[in-house]
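Thanks, everyone. Please bring up the sequence and the model on your screens. I'll walk through the sheets, then the rings, then one residue.

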Amino acid sequence: MKNIEKIFALIISGIILFLSVFFFINEKKVFSENENRYLAKTPKYNFEALKSGRYMTQIENYLIDHFPLRDYMVSLKTNTYKIVGIREVNNIYLGSDGYLLEEFKELTNIDKIVSTINKLQEKLDFKLDVMLVPTSTDINSDKLPKYAINKSEKEEINKFYNLLNTNKINVYDSLYNNKDKYQLYYKLDHHWTSFGAYVAYLNYCEYKNITPITDYNIKEVSNSFYGTFYSKTNDYSLKADSINIFEVDNPDYTVVYEDKTVNSLYATEYLDKKDKYSYFLDNNHSLITITNNNLDNNQKILIIKDSYANSFVPFIVNNYKYVYVIDPRYYKSEISSFIKDNEISNVLFLYNVGTINNDLGIVSVK
């Protein structure tokens with residue numbers, strides 16, 4: 001028995017020694033393509049950071065981010081949890097039918113966000129439109145594990161809307177009623193699909209009393225999309241998502257970014273990367289100006305948004321000749337001045353309810 005204990009102790013010691021040596025000699029990555037984020041940098045020591053506890057937190061984050069074979073360890077953790085019946089890994093629920101779903105919690109910054117939007121409304125002589133989009137977790141709540149805890153997104157959206165002095169566009173019911181007709185959300189990512197964005201587009205057109213475009217060529221551009229939720233679980237048994245786009249005949253767009261001008265709403269280079277959702281509108285930019293050269297109505301719209309809007313814009317560009325897209329996380333000028341200077345009379349706030357609570361950009365809108 002003692003020999004077995006010694007052997008076991010030697011094996012454990014060997015594993016610890018191997019991982020320790022591997023940690024120090026292994027090249028440290030700056031960016032994780034799998035998680036689509038920058039990894040923690042080596043923390044710099046100073047007494048104040050040590051005294052406040054910030055330094056130890058930074059050390060912990062650094063060790064976690066650069067742990068040897070980290071992605072494989074996350075996969076091992078997920079598979080172990082599944083074997084013993086645990087259906088939540090790294091705050092992601094392992095749902096049925098291959099869905100990964102994130103727990104939604106109560107909006108805690110409603111007052112601050114509403115105040116920001118209402119103040120912008122006060123500066124304008126027309127009504128803003130606000131579209132707060134539910135996430136897959138609520139629309140596909142039937143996919144959640146039985147014990148899953150989830151705050152009602154519909155209740156939170158209604159609470160949010162009741163405080164606004166703007167127009168409020170309800171897309172919840174349309175999405176819920178069409179969830180069995182289309183795959184409205186990616187199974188392995190937090191975004192909605194082009195089908196979800198299309199349902200919301202039809203809802204928007206109905207609310208604004210404009211004629212929607214319904215004649216599209218639906219094209220699959222990728223069948224190997226492993227999104228943000230997949231990166232948190234590394235469940236290799238799951239099937240990748242497909243990405244589809246809705247194209248009109250003979251599109252003619254001029255798309256102006258901060259540093260380039262192109263003629264497409266899509267950045268094909270992202271289809272060869274992990275972050276395939278950035279195929280829509282070339283990821284996130286402070287300001288994008290899109291002109292539909294096939295239209296002569298001279299109508300303008302400004303969309304103030306998070307990344308959910310990136311797959312919504314390809315629909316709305318067929319109704320407005322000029323579409324301006326601002327991401328307030330990166331845009332630092334006064335949005336109210338931009339609206340007046342460009343004589344814009346249609347403004348849509350488009351956010352998903354899962355991220356608006358922690359969006360640091362929206363509260364800087366003015």
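Start with the three-stranded sheet. This is a predicted model, and in it three strands form an open sheet in the order 3-4-5. The pairing there is antiparallel. Strand 3, residues 88–89, and strand 5, residues 100–102, are the edges. Each of those two pairs on one side only. Strand 3 and strand 4, residues 92–94, are joined by two bridges. Take Glu 88: its bridge partner in strand 4 is Tyr 93.

Now the overall picture. The protein has 366 residues, and 48% of them count as buried. It contains 12 helices and 15 strands. Look at contacts with a separation of 6 or more: 70% of them come from residues 24 or more positions apart. The exposed area is about 19100 Å², with 51% of it supplied by carbon and sulfur atoms.

Next, the eight-stranded sheet. In what order do its strands run? The order is 7-6-15-13-14-12-10-11. This sheet is open too, and its pairing is mixed. At the edges sit strand 7, residues 167–168, and strand 11, residues 261–262. Both edge strands pair on one side only.

Let me stay with strand 15, residues 347–352. On one side is strand 6, residues 129–133. Strand 6 and strand 15 run parallel, with five bridges between them. Two partners to click on. Asp 129 has Leu 348 as its bridge partner. Val 130 has Phe 349. Strand 13 also pairs with strand 15. That pair runs parallel as well, with four bridges. Here Leu 302 stands opposite Val 347.

Is strand 15 buried or exposed? Six of its six residues are buried, so the strand is largely enclosed by the rest of the structure. Check the side chains. Val 347, Phe 349 and Tyr 351 point one way. Leu 348, Leu 350 and Asn 352 point the other way. Both sets are buried.

One helix to place against this sheet. Helix 7, residues 153–162, lies across strand 6 and strand 7. Its angle to strand 6 is about 165°.

On to the rings. How many aromatic pairs does a search of the whole structure find? The search gives 24. I'll show two of them.

Pair one is Tyr 204 with Phe 312. The geometry is edge-to-face, with 6.3 Å centre to centre and 85° between the planes. Why does this pair tie together separate parts of the chain? Tyr 204 is in helix 9, residues 194–208, while Phe 312 is in the loop between strand 13 (300–305) and helix 11 (313–316), so the pair links parts that are 108 residues apart in sequence. Tyr 204 and Phe 312 are both buried.

Pair two is Phe 246 with Phe 315. The ring centres are 5.1 Å apart and the planes are at 70°, so this pair is edge-to-face. The cut-off behind that label is over 60 degrees. Phe 246 belongs to strand 9, residues 241–247, and Phe 315 to helix 11, so the pair ties together parts that are 69 residues apart in sequence. Phe 246 has a relative accessibility of 7%, so Phe 246 counts as buried. Phe 315 is at 2%, and therefore Phe 315 counts as buried.

Now widen the view around pair two. Phe 246 and Phe 315 belong to one aromatic cluster. Its other members are Tyr 182, Phe 195, Tyr 198, Tyr 201 and Tyr 216.

Two lysines also sit over rings. The charged end of Lys 260 is over the ring of Tyr 257, 5.4 Å from its centre. Lys 300 lies over the face of Tyr 322, at 6.0 Å from the ring centre.

Last stop: Asn 203. This residue is in helix 9. Its relative accessible area is 10%. The cut-off for buried is under 20%, so Asn 203 is buried. What does Asn 203 touch, not counting residues up to four places away in sequence? The contacts are Asn 170, Val 171 and Ser 174.

That's my tour. Over to you for questions.

Technical notes: Residues are numbered from 1 along each chain as its sequence is written. This is a predicted model: local features need pLDDT of at least 70, side-chain atom pairs count only at pLDDT 80 or more; totals for chains, interfaces and linings use all residues. Side-chain values use heavy atoms; hydrogens and water are left out. Two strands pair if DSSP finds at least two bridges between them. Contact means heavy atoms within 4.5 Å. Axes are lines fitted to C-alpha atoms, for helices over the stretch in contact, and angles run from 0 to 180 degrees between N-to-C directions. Buried means under 20% relative accessible area, exposed over 50%, partly exposed in between (1.4 Å probe, protein chains only). Accessible areas come from the Shrake-Rupley method with a 1.4 Å probe; for residues, only the protein chains shown count as cover. Rings of Phe, Tyr and Trp (its six-membered ring) pair if their centres lie within 6.5 Å; planes under 30 degrees apart count as stacked, over 60 as edge-to-face and the rest as tilted. A charge sits over a ring if NZ of Lys or CZ of Arg is within 6 Å of the ring centre and within 35 degrees of the ring normal.
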